[in-house]
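Open the structure in your viewer and keep the selection tool at hand. The tour goes from one selection to the next and says what is there.

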Amino acid sequence: MTGERIPDGKAGDQHRWKPGDYGRIDGHWWIRPPRGSMGNIDNHEVSEHEDGTITVSPSILLESMDGSVIWHGYLERGVWREA
């Protein structure tokens, strides 16, 4: 799935995000994987490309409060790929 880069915003803007969206809120990178809720990726390396897409490393692991996996995969040049 190809995600959409959302223009930089402020807290509260993320309520309109769709699955696959990603962007910065108040200077922090956030994602909404194809399946799952919002997640902060401050503990990942984010490379921003000239076209505005990003690549995140290492893989993104989003877990629920009980530790079950919501999403595990990659975001490479704006394209989501499940692990």
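Start by selecting Lys-18, which is partly exposed, with a relative accessible area of 43%. Keep in mind throughout that this is a predicted model. Now add Glu-4, also partly exposed, at 40% relative accessible area. The side chains of Lys-18 and Glu-4 form a salt bridge, 3.1 Å from N to O. Lys-18 sits in the loop between β1 and β2 (22-25), while Glu-4 belongs to the segment before β1, so the pair ties together parts that are 14 residues apart in sequence. Side chains of opposite charge can pair when their charged atoms come close.

How many salt bridges does the structure hold? There are 9. For another one, select Arg-5 and Asp-8, whose side chains meet at 3.6 Å, N to O. Arg-5 is partly exposed, with a relative accessible area of 23%, and Asp-8 is partly exposed with 48%.

Keep Arg-5 selected and add Glu-48. Here the closest N and O atoms of the salt bridge are 3.0 Å apart. This pair links distant parts of the chain, with Glu-48 in strand β5 and Arg-5 in strand β1, 43 residues apart. Glu-48 is partly exposed, with a relative accessible area of 43%. Add Arg-24 to the selection to complete a network of salt bridges that links Arg-5, Asp-8, Arg-24 and Glu-48.

Next, show the strands as a cartoon. Strands β1, β2, β3 and β4 form an open sheet in the order β1-β2-β3-β4, and the pairing is mixed. Which strands stand at its edges? They are β1 (5-9) and β4 (39-40); each has a single partner strand, so one side of each is left without a neighbour in the sheet. Select β3 (residues 28-31) together with β4: the two pair in the antiparallel sense over 2 bridges. One bridge to look for joins Trp-30 to Asn-40 in β4.

Then move to β5 (residues 45-48) and β6, which pair in the antiparallel sense over 4 bridges. Glu-48, visited above in the salt-bridge network, has Ile-54 as its bridge partner in β6. The hairpin of β5 and β6 has 5 residues between the strands, and Gly-52 in this hairpin takes a positive phi near 95°.

Select His-44, in the loop between β4 and β5. Is this residue buried or exposed? His-44 is buried, with a relative accessible area of 17%. Its side chain makes a polar contact with the side chain of Asn-43 at 2.8 Å. Leaving aside neighbours within four places in sequence, His-44 is in contact with Val-56, Ser-57, Pro-58, Ser-59 and Ile-60.

Follow the last of these contacts to Ile-60, which lies in strand β6 (residues 54-63). Ile-60 is buried, with a relative accessible area of 2%. Not counting residues up to four places away in sequence, Ile-60 touches Ile-31, His-44, Trp-71, His-72, Gly-73, Leu-75 and Trp-80. For a distance check, pick the C-alpha atoms of Ile-60 and Glu-82: the two residues are 22 apart along the chain, and these atoms are separated by 9.4 Å.

Two of the residues that Ile-60 touches, Trp-71 and Trp-80, come next. A search of the whole structure finds 1 aromatic pair. Trp-71 and Trp-80 form it, edge-to-face, with 5.8 Å centre to centre and 85° between the planes. Both Trp-71 and Trp-80 are buried. With neighbours within four places in sequence set aside, the contacts of Trp-71 include Pro-33, Pro-34, Arg-35, Leu-62, Arg-81 and Glu-82.

For the last stop, select Tyr-22, Trp-29, Ile-31, Ile-41, Ile-54, Val-56, Ile-60, Leu-62, Trp-71, Leu-75 and Trp-80, the 11 residues of the largest nonpolar core. Colour them by element of secondary structure: β3, β6 and β7 (69-76) are the ones that give two or more residues to this core. Which strand gives the most? That is β6, with 4 residues. In soluble globular proteins, nonpolar side chains tend to be buried together.

How values were computed: Residues are numbered from 1 along each chain as its sequence is written. This is a predicted model: local features need pLDDT of at least 70, side-chain atom pairs count only at pLDDT 80 or more; totals for chains, interfaces and linings use all residues. Side-chain values use heavy atoms; hydrogens and water are left out. Buried means under 20% relative accessible area, exposed over 50%, partly exposed in between (1.4 Å probe, protein chains only). Contact means heavy atoms within 4.5 Å. Rings of Phe, Tyr and Trp (its six-membered ring) pair if their centres lie within 6.5 Å; planes under 30 degrees apart count as stacked, over 60 as edge-to-face and the rest as tilted. Two strands pair if DSSP finds at least two bridges between them. A polar contact is a pair of N or O atoms within 3.5 Å; within protein, one must be able to donate a hydrogen and the other to accept it, and residues adjacent in sequence count only if both atoms are side-chain atoms. A salt bridge is a side-chain nitrogen of Lys or Arg within 4 Å of a carboxyl oxygen of Asp or Glu. A nonpolar core is a set of buried Ala, Val, Leu, Ile, Met, Phe, Trp, Tyr and Cys residues joined through side-chain atoms within 4.5 Å.
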